[in-house]
Amino acid sequence: MHIVNLTTLKIYFAKLLFYFAKYGKMISRNGNVLTIIQETLIKYVSLYYHCELLLWGIHMAYLTINETAEKYNVTPRRIQQLCKNGEIEGVVKEGHSWKIPADAAVSLKRIHGTRGNTLFSPGNSAKPGRLPLPVGISSYTEAVARYYYIDKTLLIRDFIDTLPKVSLFTRPRRFGKTLNMDMLRVFFEKNASDTSVYFKDKAIWSCGEYYRSFQGRYPVIYLSFKDVKYNSWQNARKDIADNIALEFARHAELADSEKCNAIEKNYYQKMLAGTLDEVELTRSLFVLSSMLRKHYGTEAVIIIDEYDTPIQQGYASGYYEEVIAFIRNLFSGAFKDNQNLAYGFMTGILRVAKESIFSGLNNLKVNTIMDDRFSQYFGFTKQEVARMLSYYKHEEKMDEVCEWYDGYRFGNSEILNPWSVINYIDENFYPKAFWQSTGSNEIIGEIIANATPEVTENLRKLLQGETISTFVDTSVIYPEVKKNPSSIYSFLLVAGYLKNSEIVPQNDGNFLCRVSIPNKEISFVYAKEIISRMNPAETESTASSIQQAIFEKDTEKLKDCIEKYLLQTISVYDSSGEAFYQGLMLGLCAILNNRYRVRSNRESGFGRFDIQLSPVSKNLPGFLFELKSSKNNADDLQKISAEALKQIKEKRYEEEMKNSGVSEIINIGIGFRGKEVSVTSE
């Protein structure tokens, strides 16, 4: 009978408890490392528990191979294979048969088509045979073991094909950067356990022995700066130091390594004690990589996720110069002429090259949203989303998913927002602007606050679904948003607020692009931010009153509210043509998106309507708006709004909504002249 060595297990368990207790405060600030330690503790506690019970002779409930196969609806042969591979915790082998704990969590692979790995345990999922969605999951091992996982492991193959010394991936927030970096960590890192089990059913494993030879080959330094968001440099620097100290603690084998010298061990202890000054701290990644190379006899892989989060926060909070200087020196020690470095990986939103953060780093390969290489590995492709919808039995939702979350183009790949797609399915296929709540949209507010008349006009065009041409510099930096109006579109593009529909490379390394708002979700973000930034709370109250008047079909109230809104906001704009009024009404209607699909300038009947509010639920009325404006004081506004209403009926704009099953449709014609309004409805 096979029994785990209890003495060895107790030593590992005691060691883990010691480090967890000693560095608990630092651990609590780093969710990724906390997850790793918690998973390890759970694993050893489980094994320890089973060993103790075996030694004490306490009876445990076991299942046979056939009973387990029946329980999890798989073949007995598959369960037997899982036992042989060590993928079921607490199993006991007696002769040629296996005994499986009745409460064991069983990792089943390649059982249900292309779903990835599955962790089955009693009560794991409310939908038997369906994997839960990885909402907020950034741990690769957890994602492939418990959730629906879209295989991105060929990123590893494409990296190995070229082997750049240091790679920087820039993508918008929530596009899978952290999960991919953790995947790289698990793949490359030397580990006491066999981590190849997390890749054997993935695409990378079928690429050949050469690629598999890199697995588990290197010590790894892994840092994430995604939560370094403080209002002062003192607190930000302390959090960065704690993150680095925690990574030192994760490599506890170095504390008493015979291959490291006394100076390095002293630095190690000072790092854990938090007594290093700022200059000493900038050498930390160099020292740690040096100690790892000596201990393991091979260079280290250094991974830094969301490297520019503290830079963005520093810009917003007034310590920009301090954080730039610190990170420049930290990265110089880690990546510049570091003989202890095997490979380096970084992710962020911006390239930040003009800050000289990567000064002299001639081994850096930057992969932006404009580049073809790696373009399909951050975010979901349409094929991947189609398979996901098919798996969850809602193939018919593809058009709606694309309308809300598609439109991004990275290199030559069409990409959907992964965070929003996952949440859309998880929220029972109900479309919302999920992405806007994942981070700050302050940059749009700052752009509006400092907008030139040209920028204001372009924002209006974008909100109406138009395309504009602009030069794009992918190395844009935060201060340029205020200083250089032309940099605004570069920032909005790399940060995920715009898409490029056409790219013309320039000889200076920049691009001439045709850009537009990528999808309905981002249109909602623009509209909401524009409304909230135009004026104080009174403006938002008026916007709400306008919506209420629309629902109540109260034309007099609607007229008064729009006039009040114009008095509060129209001074922001230099022009007041029909296009402006349409943009204004679109912004007001956009915050109805949870109940209505807001469309503009779409063909229906015998023409193109101005604005359509198509209800998500067919028991709500639909709305059609036709807008007309005049600058002639002699014109009769009432007559203008009546003509607008007449156009809706004559052009039969209601046909599209009628064909979709909307039974009640309210037609509203609006006439504008300056800050005057006339409303006619039917």
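Helices (H or I, at least four residues) and strands (E, at least two) are here DSSP runs, numbered from the N terminus. On that basis, Leu163 is placed in the loop between helix H7 (154-162) and strand E6 (166-170). The views below show a predicted model.

**Figure 1. Two residues other than glycine with positive phi, Leu163 and Phe374.** Leu163 has a phi of about 50° although it is not a glycine. This residue follows helix H7 and precedes strand E6, in the loop that links them. Because its relative accessibility is 27%, and the partly exposed class lies between the 20% and 50% limits, Leu163 counts as partly exposed. The phi of Phe374 is likewise positive, near 65°. Phe374 also belongs to a loop, the one between strand E10 (364-367) and strand E11 (380-381). With a relative accessible area of 2%, Phe374 is buried.

**Figure 2. The open sheet formed by strands E1, E3 and E2.** The three strands are arranged in the order E1-E3-E2, with antiparallel pairing. Strand E1 (62-63) and strand E2 (92-94) are the edge strands; each has a single partner strand, so one side of each is left without a neighbour in the sheet. Three bridges connect E2 with strand E3 (residues 97-101) in the antiparallel sense. Opposite Glu94 stands Ser97 of E3. Strands of a sheet pair through backbone hydrogen bonds, either parallel or antiparallel.

**Figure 3. The largest nonpolar core and the surroundings of Phe331.** This core comprises 51 residues. Those with the most contacts inside the core are Ile244, Phe248, Ile304, Phe331, Phe335, Met346 and Phe358. Helix H15 (residues 320-335) supplies the largest share of the core, nine residues. Apart from neighbours within four places in sequence, Phe331 is in contact with Ile304, Tyr307, Lys336, Met346, Ile357 and Phe358. A second core, separate from this one, has 33 residues, among them Tyr147, Met183, Tyr218 and Ile303.

**Figure 4. Helix H17 and the glycine that follows it.** Helix H17 (residues 398-405) is mostly covered, with six of its eight residues buried. The buried residues are Met398, Glu400, Val401, Cys402, Trp404 and Tyr405. Gly407, just after H17, adopts a positive phi of about 110°.

**Figure 5. The environment of Asn423 in helix H18.** Asn423 is part of helix H18 (residues 418-426). Its relative accessible area is 9%, a value under the 20% limit, so Asn423 is buried. A polar atom of the Asn423 side chain lies 2.8 Å from the backbone oxygen of Trp419. Once neighbours within four places in sequence are set aside, the contacts of Asn423 are with Val135 and Phe434.

**Figure 6. Strand E20 with its partner strands E17 and E21.** Strand E20 (residues 611-615) is mostly covered: five of its five residues are buried. Ile611, Leu613 and Pro615 are buried on one side of E20, and Gln612 and Ser614 are buried on the other, which leaves both faces covered. In a regular strand the side chains alternate between the two faces of the sheet. Strand E17 (residues 596-600) runs antiparallel to E20 and is joined to it by five bridges. Arg599 has Gln612 of E20 as its bridge partner. Strand E21 (residues 622-629) also pairs with E20 in the antiparallel sense, over three bridges. Within this pairing, Ile611 has Phe625 of E21 as its bridge partner. The connection from E20 to E21 is a hairpin of six residues.

**Figure 7. Confidence along the chain, with the stretches of residues 1-8 and 106-128.** The protein has a mean pLDDT of 80, and 74% of its residues reach 70 or more. Among its elements, strand E8 (residues 300-305) has the highest mean pLDDT, 98, whereas strand E5 (residues 118-120) has the lowest, 36. Residues 1-8 have a pLDDT below 50, and this stretch makes 12 contacts in the model beyond near neighbours in sequence. The pLDDT is also under 50 over residues 106-128, for which the model has 64 contacts beyond four places in sequence. Where pLDDT is low, the predicted coordinates should not be read in detail.

Note on methods:
Residues numbered from 1 in each chain as written. Heavy atoms only, no water. Pairing = 2+ DSSP bridges. Core = buried A, V, L, I, M, F, W, Y, C linked by side-chain atoms within 4.5 Å. Buried < 20%, exposed > 50% of the residue type's maximum accessible area, 1.4 Å probe, protein only. Contact = heavy atoms within 4.5 Å. pLDDT = per-residue confidence, 0-100. Polar contact = N/O pair within 3.5 Å; in protein donor to acceptor, adjacent residues only side chain to side chain.
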